[in-house]
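Ready for a few warm-up exercises on a protein model? Have a look at the sequence and the fold, then try each task before reading its solution.

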Amino acid sequence: MDNLSKSYLLTDYKILRQIQRRKYRRLTSPILAICLSLIITFLLRNLDYIYFPLLTITVASFVWYGYIMVSFRTKGRIVQPERGMMVSPIEG
């Protein structure tokens, strides 16, 4: 445990919770886009010309969702900076 605390700075719980809330707020748009495109695909499944645009929107929304999930860190620790380095605040 002592070895871990030397190489990492532990993140405050409140800051980590704020980062998680920001992540969940940003995830609402791609989730809504996925749900909406799947519902429209199900309702209009007889129209062949609308299938591929909706499939494209669905795939793009999954990529968008993955990008947001990767862009926010989920670990409760930060690599400790070297001596004399200036560190900016955590932004997600």
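**Exercise 1. Decide whether Phe72 is buried or exposed, and place it in the chain.**

Step 1: Phe72 has a relative accessible area of 6%. Buried means under 20% relative accessible area, exposed means over 50%, and partly exposed is in between (1.4 Å probe, protein chains only). So Phe72 is buried, at 6%.

Step 2: Phe72 is found in the loop between α3 and β2 (77-79). Helices (H or I, at least four residues) and strands (E, at least two) are DSSP runs, numbered from the N terminus.

Step 3: Now look across the sequence. Phe72 and Arg22 are 50 residues apart along the chain, and their C-alpha atoms are separated by 8.9 Å.

A quick note on the ground rules: this is a predicted model, where local features need pLDDT of at least 70 and side-chain atom pairs count only at pLDDT 80 or more, while totals for chains, interfaces and linings use all residues. Residues are numbered from 1 along each chain as its sequence is written, and side-chain values use heavy atoms, with hydrogens and water left out.

**Exercise 2. Work out the order of the elements in the protein.**

Step 1: Count them up, and you get three helices and two strands.

Step 2: Start at the N terminus and read along: the elements run α-β-α-α-β.

Step 3: Check the contacts, where contact means heavy atoms within 4.5 Å. Among contacts between residues at least 6 apart in sequence, 78% join residues at least 24 apart.

Step 4: Finish with burial: of the 92 residues, 16% count as buried.

**Exercise 3. Compare two residues of helix α3, Ile68 and Tyr67.**

Step 1: Helix α3 covers residues 51-71, and Tyr67 lies in it. Ile68 has its place in helix α3 too.

Step 2: Check the accessibility. Ile68 counts as buried because its relative accessibility is 1%, whereas Tyr67, at 56%, counts as exposed.

Step 3: Find the partners of Ile68. Leaving aside neighbours within four places in sequence, Ile68 is in contact with Lys23, Arg26, Leu27 and Pro30. Take Arg26: its C-alpha atom is 7.3 Å from that of Ile68, with their positions 42 residues apart along the chain.

Step 4: Do the same for Tyr67. The C-alpha atoms of Tyr67 and Leu27 are separated by 9.9 Å, and the two are 40 residues apart along the chain.

**Exercise 4. Find the aromatic pair and say what kind it is.**

Step 1: Search the whole structure, and one aromatic pair turns up. Its rings belong to Tyr51 and Phe52, with centres 5.1 Å apart and planes at 75°, so the pair is edge-to-face.

Step 2: Here's the rule behind that: rings of Phe, Tyr and Trp (its six-membered ring) pair if their centres lie within 6.5 Å; planes under 30 degrees apart count as stacked, over 60 as edge-to-face and the rest as tilted.

Step 3: Look at the cover. Tyr51 is partly exposed at 39%, while Phe52 counts as exposed at 56%.

**Exercise 5. Explore helix α2, starting from Leu36.**

Step 1: Leu36 has its place in helix α2, which spans residues 13-43. With a relative accessible area of 52%, Leu36 is exposed.

Step 2: Leu36 and Ile57 are 21 residues apart along the chain, with their C-alpha atoms separated by 9.7 Å.

Step 3: Move on to Ile39, also found in helix α2. Ile39 is partly exposed, at 49%.
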